[in-house]
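The exercises below ask you to read a structure step by step, each with a worked solution. Please keep the sequence and the coordinates at hand as you go.

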Amino acid sequence: MLKFILRRTLIMIPQLILLSLVIFVLAKAMPGDAVTGAFMGNPDATPEQIEKIREKFGLNDPWYVQYGRWIGKAVKGDFGQSYTHQQPVTTLIAGRVENTVLLSLFTAIMIYLIAIPLGIVAGRWTDSWADKLIVTYNYVAFATPLFVFALLMLFIFAFLLGWFPYGGSVDIRIESGTWDYVVSRAKHLFLPVMSAAIIGTVGTIQYLRNDIIDQKNKDYVKTARSKGVPEGRVYTRHILRNSLLPIAAFLGYEITGLISGSVFIETIFSYQGLGQLFIQSIGLRDFTVVTALVLISGTAVVVGTMLSDIILSIVDPRIRIE
Amino acid sequence: MKKPVLEIKDLRTSFNIKGEYYAAVDGVTLTVHENEVVAIVGESGCGKSALALSIMGLHDRKNTKLDGQVNFGDENLLTVSRSRLNKVRGKDIGMIFQDPMTALNPLATVGRQIEEPMDYHMKLSASEKKKRTLELLRRVGIKNEQRVYEQYPHELSGGMRQRVVIAIALACDPLLLLADEPTTALDVTIQAQILDLMKELQNQMKTGIILITHDLGVVAEMADRVVVMYAGEVVEIAEVKELFENPLHPYTRSLLNSIPSNMQAKQKLHVIEGIVPSIQNLDREGCRFAPRVDWIPEEDHEKNPEMHEAAPNHFVRCTCYKTFYFPEDRVGENEYVATNS
């Protein structure tokens, strides 16, 4: 088992190197650089001055020199300075990581809290009215764009009813560490989490429903019934264990997918997370921030995949590695 | 006279296909006695497995209609409550499935799966259950039972898994075993081993067995009595020796004639033309085998074929058996005549 985890971790290294190379080259290939982004349309900046700044930041060096410099520092956790924010990228990101992780974590929890009971009901009582209702919800939610739904939630619950704040991650007037602070955070999290979860859960519901329908006709379920196992136990002891397995294994992908995929939600709810920073930085051509963020979310995906593999190897005896 | 364990009376199992019910098992009457092996034979699609699943009530309840009686002990299993049925399943009736590769839960250890029926039917402590399970594993011919107890199904070969499936069926000393093609999915050498094992266990435990198979070799080796099914109906019932020596129904004779044997090395193998009609397309009037023996004149069949006792304890459906012949036999005679003249 340990050997498997070690080997799985080692495989990550070439993946990450390749990832960082691709990110760097692609970022370089973008039209414009940090300097054009910062000084665009500024009539006072002469081409000579711009050229000087370029030289100062090393933007005229060949790409591999720049890559070496960047990756060498990145490994030590130094992603350089943000050109627009005038502070280290690491500080900039660190301030927002917590927000995004909280948002993703609660969204993931919500997704499973919705998907598991609904998937089980729909899968076990196929073609019942409850199943039809759940399937209808699935189709509607699947066809609804997240940003439309999120705006609708914002309109109803923040604007019309006024139950929740419009945006932000916490009320800035409240001192951190107090109970009120926690309540304020929760209130700010509620709408973004619910919007993302209500739309994001449908894939998991559908997957679980179909897998249960698939499993319940399998021979081992007949064996269980022929043993005299009561129907409820047939589900809890046999079918669900098999059906929840792929979903448990998908946990790793799900959470990292949420971390790197929070762009829409954070932008709509002006939630100070990585996704919002990402969109802003692209607009400003803040090259160092963008590459750092892409590298982080890319790494998150690679790590998430590894996590999924490890979870699967723990819960499924068939792929347990000695 | 042996005591009957299971009496099936006029059992009719119908499946809902697009709103209409079609019978896959169509009026089967059958008795299984203590310590008796009853083989049910027939082609694919003749209703053998549907019959076995009906006895256990394992069909999807929503789309299946069951009529008639399945009397076990003093109860009709078709009308008892679900919880009562669960008390019978796994305790009084054990079931052995066809494909050992899929019949076991991939996520539970062998030991756990054998102990499961004991959880519901026997009051045993954990250590007693384990002791009993290890003994069962030994009894089904698994030698390293301590190790297998901890293993998962995927770690075992097909033959080993089938032994485990048999151990599950035997876990609570059933009075009746339903074996649904227990050797079909195994390769030939393993088949022989499993059959020997089943015979041995049957001799020890004196259970009644319903053995469903399409393999007449298995029938000859295992069965005391044979029930031949065609298109959902029983067409012939006889003691095994009588059936092989004196088969009556055209279907039985065709089946026996389709087995390659040394005796007829130079003869062409008999082929039963056509297939068993699907349950939607089945003509339920008259003799159901008639379309596949179309050289037999219509008047030789009964309008409403009944079971006739042609010899003591030898029952056959329809009257067509009296005049039935194989066309290739007649062709051979004619050719012989032609070359001589």
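**Exercise 1. The annotated span**

How far apart do the end C-alpha atoms of residues 6-256 of chain B lie, and what percentage of the span is helix and what percentage strand?

Solution. The model is predicted, so local features need pLDDT of at least 70 and side-chain atom pairs count only at pLDDT 80 or more, while totals for chains, interfaces and linings use all residues. Residues are numbered from 1 along each chain as its sequence is written, and chains are lettered from A and ligands numbered from 1 in the order in which they are written. The end C-alpha atoms of the span lie 28 Å apart, and the span is 39% helix and 28% strand, where helices (H or I, at least four residues) and strands (E, at least two) are DSSP runs, numbered from the N terminus. The UniProt record, an unreviewed entry, annotates these residues of chain B as "domain: ABC transporter"; such positions are given in the numbering used here, feature names are shortened, and annotations may be inferred rather than shown by experiment.

**Exercise 2. Chain B as a whole**

Describe the overall dimensions and the burial of chain B.

Solution. Begin with the inventory, which comes to eleven helices and twelve strands. The C-alpha atoms fill a box of roughly 80 × 45 × 45 Å along the principal axes. The radius of gyration of chain B is 22 Å, which agrees with the value near 20 Å for a compact globule of 341 residues; this radius is taken over C-alpha atoms, and the globule rule is 2.2 Å times the number of residues to the power 0.38. Finally, buried residues make up 41% of the chain, a residue being buried if 20 or more other C-beta atoms lie within 10 Å of its own, exposed if 12 or fewer, and partly exposed in between, with C-beta atoms placed from the backbone.

**Exercise 3. The sheet of four strands**

Work out the strand order, the edges and the helix that lies across the sheet's strands.

Solution. The open sheet of four strands in chain B has the order 2-1-4-5 with antiparallel pairing, two strands being paired if DSSP finds at least two bridges between them. Its edges are strand 2 (20-33) and strand 5 (75-76) of chain B, each of which pairs on one side only. Strand 1 (residues 4-17) of chain B is joined to strand 2 by eleven bridges, and Asn16(B) has Tyr21(B) as its bridge partner in strand 2.

Helix 1 (residues 48-56) of chain B then lies across strand 1, strand 2 and strand 4 (64-72), at about 75° to strand 2. Axes are lines fitted to C-alpha atoms, for helices over the stretch in contact, and angles run from 0 to 180 degrees between N-to-C directions.

**Exercise 4. The sheet of eight strands**

Trace the second sheet from one of its edges.

Solution. This open sheet in chain B has mixed pairing and the order 6-7-8-3-9-10-12-11, with strand 6 (93-96) and strand 11 (307-311) at the edges. Strand 6 pairs with strand 7 (residues 176-180) in the parallel sense over four bridges, and Ile96(B) stands opposite Ala179(B) in strand 7.

**Exercise 5. The contact between the chains**

Identify what chain B brings to chain A.

Solution. The contact takes 23 residues from chain B and 16 residues from chain A, residues being in contact if their C-beta atoms, placed from the backbone, lie within 7 Å. On the side of chain B, helix 2 (82-88) and helix 3 (110-121) are the elements that give two or more residues, and helix 3 gives the most, with four residues.

Notes: Contact = placed C-beta atoms within 7 Å.
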